[in-house]
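Q: Could you take a close look at the enclosed spaces inside this protein and walk me through what surrounds them?

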Amino acid sequence: MAPLDPHSFTDSTHPLTTHISLSLYFDFPSSTIHGAALFTLSSPSSANTLSLDTRSLVIHRILTPSTLSPIPFSVSPSPDPIKGTRLSLSLPEDNNALSSFIITFSTSPSSSALQWLSPLQTFNKRQPFVYTQCQSIHTRSIFPCQDTPAARIRYSALLNVPRELSAVMSARHVDRRLPVSGEGYSNFLPGGLDSLWCSETRVVEEFDMNQPIPPYLFAFAVGELGFREVGPRTRVYSEAAEGVLEAAAKEFAGTEEMVRQGEKLFGDYEWERFDMLVLPPSFPYGGMENPRMVFLTPTVIKGDASGAQVVAHELAHSWTGNLITNKNNEHFWLNEGFTTYAERRIVEAVLGEDRAVLNIGIGWKGLNDEMGRFKDNLEFTKLKTNQEGVDPDDVYSEVPYEKGFQFLWRIERQIGRPAFDEFIKKYIATFKFKSIDTETFLDFLKANVPGIEKDIDLVLWTEGTGIPPDAYEPKSNLYNQILSLANEFKLGRMPREDEVADWHGQEWELYLENLPRVAEASQVLALDARYRLSESKDYEVKVAFLQLAILSKCRNFYGEVEKTLKEVGRMKYLRPLYTALVQGNRNDEEKILAKRVFAEARDCYHPIARGVVESVFAKHL
């Protein structure tokens, strides 16, 4: 076997899947999806076996499409803790040119990609809800696949759901209609489900993705959904709950201007539509860049349009990450470093240079903090990492985002913005719809910017640990003023109200992030008494303040900490708050609080977020 990806059983000598036709039956009472799918390979397979990735799936049968004869298969007896279970197809010797096959399968209620919400866990409290989060290696828990970004796929899908619900996908919506007997591959569904397919209580939502995407961008959500139009190619979807849609539509009203600015900077928008879905609060990320249907946490709805910066990041992925993708997670910076750079260029064009500098400044502080987090494992302070035997969810951090950004910003400063803009456009045009590695990027850089390796130590930047000496802290009058006020807090002076009168969430976030990690409890109480930061509607501000309160042993705010941990599932907030409660020589009171809150809230977290909190506990408890 020649591995293609440290997180996949895919063999580089085998043909890759190019298209998957899915027929999926959603059984909400059992939190299960029953599926049948036709897989088409890039070329006939002459190997004796073909390996696919699965996790927590039941494989019922595998058939040849032409004769419906069974293809023998086996699953590895014990799952790999990171990669899951290998599904091996034993290809018949008398048919060594297999180019397609049908698999029938069922998911498990414990699928790591899926979160099934009961009606009580939704905004409306009326209907159930299910959604996906497949990045980095969780698509394999929905259907068998070569779950590596190197294997780009097109797909079509028939989603059979209860008629009172509707569905969205990272694909073009074709139709919503009554089910048709035998359509797609529904007649191959296990357990007699083919007869239930046409029940009068069901409806079929049909989708098609005709552009090749990495498997982690496969996405859907099913629930009681509504939408608002916010631009010529943008709708905002969410649960059809009073106030949620209106708030989201207002927050993201400027999306079309960002798309236009992105096109000016990076070339045509290739995905036709840029729709967004605001998910329930348990969504574990700020956003997920699924093509045509970006998923967003409701915590980005802040009431002042500043949440649009998260949208700018997911939009930027439309060029860097979705069009050009890292070959595997060891080169994740190619997705996120480029996208962070592109996001900040869009923010600068739409919201101004000061706003972009604050964004860079918050990232700079985050990058320096990550150096402390990984001080005992410096491998993950590199851009190009070795992730053999490593769960990518465990080492997810700001390093690929912020160090990757700093690397590209360093190149821009060296050759000038106009030249770098032309370079990026050529890079995107050259590699669009391809998955590449760091070496491919560096070769392209050196070929198009002759002598760049003499001016910038490319090896140090991509393979070295820590922050290179030619990284750059941003500067602006506003940025410098905020840092100066944060330094004065150490001397006991709070900012005056006239000094912060024009501040929004981002200014407060930068201020709080630059305060000492521990302060006098009296100072923390006084700061909150004046500015009510613990009650902020901006979770970036609220969580930064609560983290300071915990580390400063200011127990007055533990009720707010508990409330926050129970009302949101975004890992960006869970990780620092739980870590602050349990790390170091924390008192038993904090550790007991952390364990109790997690026990009560864990079922409301997405499986990926649960795993992150459990890893925090494993490290500190």
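A: What follows is a description of the cavities, with a short look at some buried parts of the chain afterwards. The model is a predicted one, and it holds two cavities of 30 Å³ or more. The largest cavity contains about 150 Å³ of space, and 16 residues line it, with Phe332, Thr385, Gln387, Val395 and Pro400 lying nearest its centre. Sorted by class, the lining of this largest cavity is made up of nine nonpolar, five polar and two charged residues.

The second largest cavity holds about 100 Å³ of space, and it is lined by 13 residues, of which Ser136, Ile137, Pro149, Tyr216 and Asn329 are the closest to its centre. Its lining divides into four nonpolar, seven polar and two charged residues.

Turning from the cavities to the buried parts, helix H4, which spans residues 308-316, is mostly covered, since nine of its nine residues are buried. The buried residues of H4 include Ala308, Val310 and Leu315, and also His313 and Glu314.

A single residue in a strand can be followed in the same way: Ser88 lies in strand E6, which covers residues 85-90. Ser88 counts as buried because its relative accessibility is 14%, and buried means under 20%. Leaving aside residues up to four places away in sequence, Ser88 touches Leu50, Ser51, Pro72, Phe73 and Ser74.

Note on methods
Residues are numbered from 1 along each chain as its sequence is written. This is a predicted model: local features need pLDDT of at least 70, side-chain atom pairs count only at pLDDT 80 or more; totals for chains, interfaces and linings use all residues. Side-chain values use heavy atoms; hydrogens and water are left out. On a 1 Å grid over the protein atoms alone, a cavity is a set of points where a 1.4 Å probe fits but cannot get out, and a pocket is an open set with protein on both sides within 12 Å along at least five of seven lines; lining residues have an atom within 4 Å of a point. Grid points are joined across faces, edges and corners, and a volume is the space filled by probe spheres set on the points. Ala, Val, Leu, Ile, Met, Phe, Trp, Tyr, Cys and Pro count as nonpolar, Asp, Glu, Lys and Arg as charged, and the others, Gly among them, as polar. Buried means under 20% relative accessible area, exposed over 50%, partly exposed in between (1.4 Å probe, protein chains only). Helices (H or I, at least four residues) and strands (E, at least two) are DSSP runs, numbered from the N terminus. Contact means heavy atoms within 4.5 Å.
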